[in-house]
Amino acid sequence: MEEQRGVECPGVPGRVAPEIDRNRCEAKATCIEVCPFDVFEIRTLVPSDRDALSWRGRIKAWAHGNRQAYVIRPADCHACQLCIKACPEDAIRLVPYSTD
Ligand code: SF4
C-alpha cells in the first residue's frame with residue numbers, strides 16, 4: 001500500500017482521474033489540501049472552459065476571480081476519493097483515465 005503525506009491509499013495510479021464540474025468549482029482549494037499526490041492546482045479559467053459555462057456558472061466564476069481547480073497530474077491519481085469527500089461544492093468525480 002502506497003503512503004504519501006501520511007495518507008495510506010490502496011488505489012493504483014493511472015486508472016482513473018478526477019474531472020472538475022466547471023459550473024460548480026469555486027476554487028476553494030480543498031482538493032489541493034487533501035490530495036496526497038498533488039494532482040490539482042488552482043489556475044485562471046482558460047477561455048474555452050469559461051465559454052462553456054452556464055449563465056449561473058459564469059456568475060459564480062466571476063465572483064471567484066475566474067479561478068478554478070485544474071487537474072495537472074492525472075496520471076498520479078490513486079483513486080483514494082479524498083478530494084471528492086472534501087469538495088464543498090460536490091464538483092469532483094473520478095472518470096476513467098487514458099493517455100490515448
Ligand atoms: S482521488 Fe482525488 S485526492 Fe485521491 S489521489 Fe486522486 S485526485 Fe488525489
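This section describes the overall fold, the nonpolar core, the ligand surroundings and selected loop residues of a predicted model.

The protein contains four helices and six strands, and from the N terminus on these elements follow the order β-β-β-α-β-α-α-β-α-β. Along its principal axes, the C-alpha trace spans about 45 × 30 × 20 Å. The radius of gyration is 14 Å, which agrees with the value near 13 Å that a compact globule of 100 residues would have. Buried residues account for 20% of the 100 residues. Among contacts between residues at least 6 apart in sequence, 80% join residues at least 24 apart.

The largest nonpolar core comprises 13 residues, of which Cys 31, Ala 69 and Ile 92 touch the most other members. In soluble globular proteins, nonpolar side chains tend to be buried together. Ala 69 is found in strand E5 and is classed as buried because 27 other C-beta atoms lie within 10 Å, where 20 or more suffice for that class. When residues up to four places away in sequence are not counted, Ala 69 touches Ile 20, Cys 25, Ala 27, Cys 31, Phe 40 and Ile 42. Cys 31, with its neighbours within four places in sequence left aside, is in contact with Phe 40, Ala 69, Cys 83, Ala 86, Cys 87 and Ile 92. Phe 40 thus appears among the contacts of Ala 69 and also among those of Cys 31.

The loop between strand E3 (16-20) and helix H1 (30-34) holds Ala 27, and Glu 26 is likewise placed in the loop between E3 and H1. Ala 27 is buried, since 20 other C-beta atoms lie within 10 Å, whereas Glu 26, with 17 other C-beta atoms within 10 Å, is therefore partly exposed. Phi of Ala 27 is near 55 degrees, a positive value in a residue other than glycine; most residues other than glycine have a negative phi.

Glu 26 is also involved in pairings between positions separated along the chain. The C-alpha atoms of Glu 26 and Ala 69, which are 43 residues apart along the chain, are separated by 8.1 Å. Glu 26 and Lys 60 are 34 residues apart in sequence, with a C-alpha to C-alpha distance of 7.1 Å. Leaving aside neighbours within four places in sequence, the contacts of Glu 26 are Lys 60, His 64 and Glu 89.

The ligand is surrounded by Pro 18, Val 34, Cys 35, Phe 37, Val 39, Cys 77, His 78, Ala 79, Cys 80, Gln 81, Leu 82 and Cys 83. This shell divides into 10 nonpolar residues and two polar residues, with no charged residue. One of the residues around the ligand, Cys 83, is also in contact with the core residue Cys 31. Ala 79, another residue around the ligand, is located in the loop between strand E5 (67-71) and helix H4 (82-86). With 18 other C-beta atoms within 10 Å, Ala 79 falls below the 20 needed for a buried residue and is therefore partly exposed. Phi of Ala 79 is near 65 degrees, again a positive value in a residue other than glycine.

Key:
Residues numbered from 1 in each chain as written. Predicted model: local features only at pLDDT ≥ 70, side-chain atom pairs only at ≥ 80, totals over all residues. Near = placed C-beta within 6 Å. Nonpolar A, V, L, I, M, F, W, Y, C, P; charged D, E, K, R; others polar. Helix = DSSP H or I, 4+ residues; strand = E, 2+ residues; numbered from the N terminus. Buried ≥ 20, exposed ≤ 12 C-beta atoms within 10 Å, placed from the backbone. Contact = placed C-beta atoms within 7 Å. Core = buried A, V, L, I, M, F, W, Y, C linked by C-beta atoms within 7 Å. Rg over C-alpha atoms; globule rule 2.2 N^0.38 Å.
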